[in-house]
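Colleague: I should like to go through the aromatic pairs and the nonpolar cores of this model with you. Please give the reasoning behind each assignment.

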Amino acid sequence: EVPAVVGMSDAAGPGMGGVWLPDGDRVYLASLRPSLVPALDTEAGESVTAAVEARDAVARSTGLPPAPDGTLLSEPLLWRHPFPDDIQAELVSDSNPKGSINNSELELAGILAHNDVLANAVDVQETTTATGTDNTSGLGWSTRGAISATTPASYLLRLNSMHQRQHRYQQRNFYIPGLTNKMADDCSRLWNLTDDELVSYFNSTYPQHKSWRLCQLSANTASAIHSALRCE
């Protein structure tokens, strides 16, 4: 089954963010065949449309099933959300080895926030969503849906399960190489840009058939994610 909506998320110390794409199903299909991923890998900011065309050209010669017609999205979405100072201060690093939160847990938080942004933008009931991530631990946790240790990841997975039940959707997440995930990386890292500047940057750097729309993470979900990261 090809997911109804496909996007990519990322998280780093300053915050998290991501994109949802009307034609992202092609990126998901390409991820099923690792040999096709290099066609999507680019450091030059190649647009998703061009990458999709490259993928489809290969698909015609390999028998990979075409992407289905129709999509829940009529326009590309981007979002970002900063982490509070106390959460940033707890991130494990070479200079902070005793921190209580690791980067993979921030990535898992990003996957949850990513789906909440979508659920508040379109009706995801009875659909399957797919989020691409370049973090293998976050992907593994979100796929299994459980972890034995009592850590921020366990709190986030419980919250993620509740979110799926509330909005009645399923997740089918996938791995995407880091270079291919540059759009989500930019959402989580370009805090030197204002919101309007970020949208302008995306429209010029990653042009789509329609202009990008900036969405906000809901205050309630943001608060719940912050509490989960604090193990509250």
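Colleague: Is Tyr201 buried, partly exposed or exposed?

Modeller: In this predicted model, the relative accessibility of Tyr201 is 23%. Buried requires under 20% and exposed over 50%. Tyr201 therefore counts as partly exposed.

Colleague: And is Phe202 buried or exposed?

Modeller: The relative accessible area of Phe202 is 0%. The limit for buried is under 20%, so Phe202 is buried.

Colleague: How are the rings of Tyr201 and Phe202 arranged, stacked or edge-to-face?

Modeller: Their centres lie 5.9 Å apart, and the angle of their planes is 75°. Planes over 60 degrees apart count as edge-to-face. The pair Tyr201 and Phe202 is therefore edge-to-face.

Colleague: Which residues form a cluster through ring pairs?

Modeller: The search of the whole structure finds 5 aromatic pairs. Ring pairs join four residues into a cluster: Tyr201, Phe202, Tyr206 and Trp212.

Colleague: How many residues separate Tyr28 and Phe174 along the chain?

Modeller: The two rings form an edge-to-face pair, because their centres are 5.3 Å apart and their planes stand at 80°. Tyr28 is buried at 6%, and Phe174 is buried at 5%. Tyr28 belongs to helix 1 and Phe174 to strand 6, so the pair links distant parts of the chain, with a separation of 146 residues.

Colleague: Which element supplies the largest share of the largest nonpolar core?

Modeller: This core has 33 residues, and Leu106 is among those with the most contacts inside it. Elements that each supply at least two residues include strand 1, helix 6 and helix 9. The largest share, 8 residues, comes from helix 4.

Methods
Residues numbered from 1 in each chain as written. Predicted model: local features only at pLDDT ≥ 70, side-chain atom pairs only at ≥ 80, totals over all residues. Heavy atoms only, no water. Phe/Tyr/Trp six-rings, centres within 6.5 Å; stacked < 30°, edge-to-face > 60°. Helix = DSSP H or I, 4+ residues; strand = E, 2+ residues; numbered from the N terminus. Buried < 20%, exposed > 50% of the residue type's maximum accessible area, 1.4 Å probe, protein only. Core = buried A, V, L, I, M, F, W, Y, C linked by side-chain atoms within 4.5 Å.
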